[in-house]
Amino acid sequence: MRENLLHRIKSFVINLPLLRWLRRGYPDEARFIAQVDTFKRVLAGYEFSGRCLDAGCGEGLYKRFLESFMEITDIVNLDINLCHIPREREKYPRLSFVRVSLTHLPFADNTFNCCLCSEVLEHIGEDTVAISELGRVINQGGLLLISVPLPFAPRIPGHIRRGFSFERLSALLTENGFVIRKHYYCFYIFMRVLINFWQWQFFVLGRSKRTYLPRFFILILGYLDRHLRIGKAWGLVILAQRCLFE
């Protein structure tokens, strides 16, 4: 009884509005705020529907965004490490999960009607193989929404390459049966400040330390980046469509 009461008190205190803003924050929260509006802009006039692949889903940053498309029948979340997101199946019943590399997709040809691949290619050495696999499993007329950093993006640990130019990524997509429909840019000075400050923190405190950046600070930078768009963009978003006839 006492332990249950203490647990309730702890949960109440943690979820107080002020403390939710002061607790530790993470850059992906700002990334979502700054980038999702660009996703919506580039998809204007198009609609995700049918079977959807979230290729390189990470911890499920865009699951709510994909769930907002009512014409999507099911969403396959794919990543080498799925972390905690399989536990959210009850909350998001259209989700399923596959732990596999983007270069070896265990799906038949023409399986998906649409795909989101956000900030993934820069982590993959065999980027041409990954694009080829996406071209194989997306059906004719299917949509691919893909985002990558540009070559002058901040240096981020885990990135095999600094980024992709529009010309380079467009060529990769065209070579694998896609037509470029639209492209926009995202991430400006405030996201650059956040990424650089985030990495400086770990350089000073050590990577074994937890972050001390408060959530409100990270969210504010995300909203500033989304609305002010100051400086040179270092993120690229492309909407591509599989050719109807090859």
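Here are a few notes on the sheet in this predicted model, with strand β4 as the way in.

1. Start with the whole sheet. Seven strands make it up, and the sheet is open, with the order β3-β2-β1-β4-β5-β7-β6 and mixed pairing. At the edges you'll find β3 (95-99) and β6 (178-186), each of which pairs on one side only. Going from one strand to the next, the twist averages 15 degrees.

2. A quick reminder on pairing: strands in a sheet are held to each other by backbone hydrogen bonds, and they can run parallel or antiparallel.

3. Now look at β4, residues 112-118. Is this strand mostly covered or mostly open? Mostly covered: six of its seven residues are buried.

4. On one side, β4 pairs with β1 (residues 50-55); the two run parallel and three bridges join them. Try finding aspartate 54, whose bridge partner in β4 is leucine 116.

5. β4 also pairs with β5 (residues 138-149), again in the parallel sense, over six bridges. Leucine 116 turns up here too, standing opposite leucine 145 of β5. Another pair to spot is cysteine 114 with its bridge partner in β5, leucine 143.

6. How does the chain get from β4 to β5? Follow helix α5 (residues 127-137): β4, this helix and β5 make a right-handed β-α-β unit.

7. Finally, check what packs on the sheet. Helix α3 (residues 27-42) does, touching β4, β5, β6 and β7 (235-242). The direction of α3 makes about 140 degrees with that of β6.

Technical notes
Residues are numbered from 1 along each chain as its sequence is written. This is a predicted model: local features need pLDDT of at least 70, side-chain atom pairs count only at pLDDT 80 or more; totals for chains, interfaces and linings use all residues. Side-chain values use heavy atoms; hydrogens and water are left out. Buried means under 20% relative accessible area, exposed over 50%, partly exposed in between (1.4 Å probe, protein chains only). Helices (H or I, at least four residues) and strands (E, at least two) are DSSP runs, numbered from the N terminus. Two strands pair if DSSP finds at least two bridges between them. A crossover is right-handed if, with the strands pointing away from the viewer, the path from the first strand over the helix to the second runs clockwise. Axes are lines fitted to C-alpha atoms, for helices over the stretch in contact, and angles run from 0 to 180 degrees between N-to-C directions. Contact means heavy atoms within 4.5 Å.
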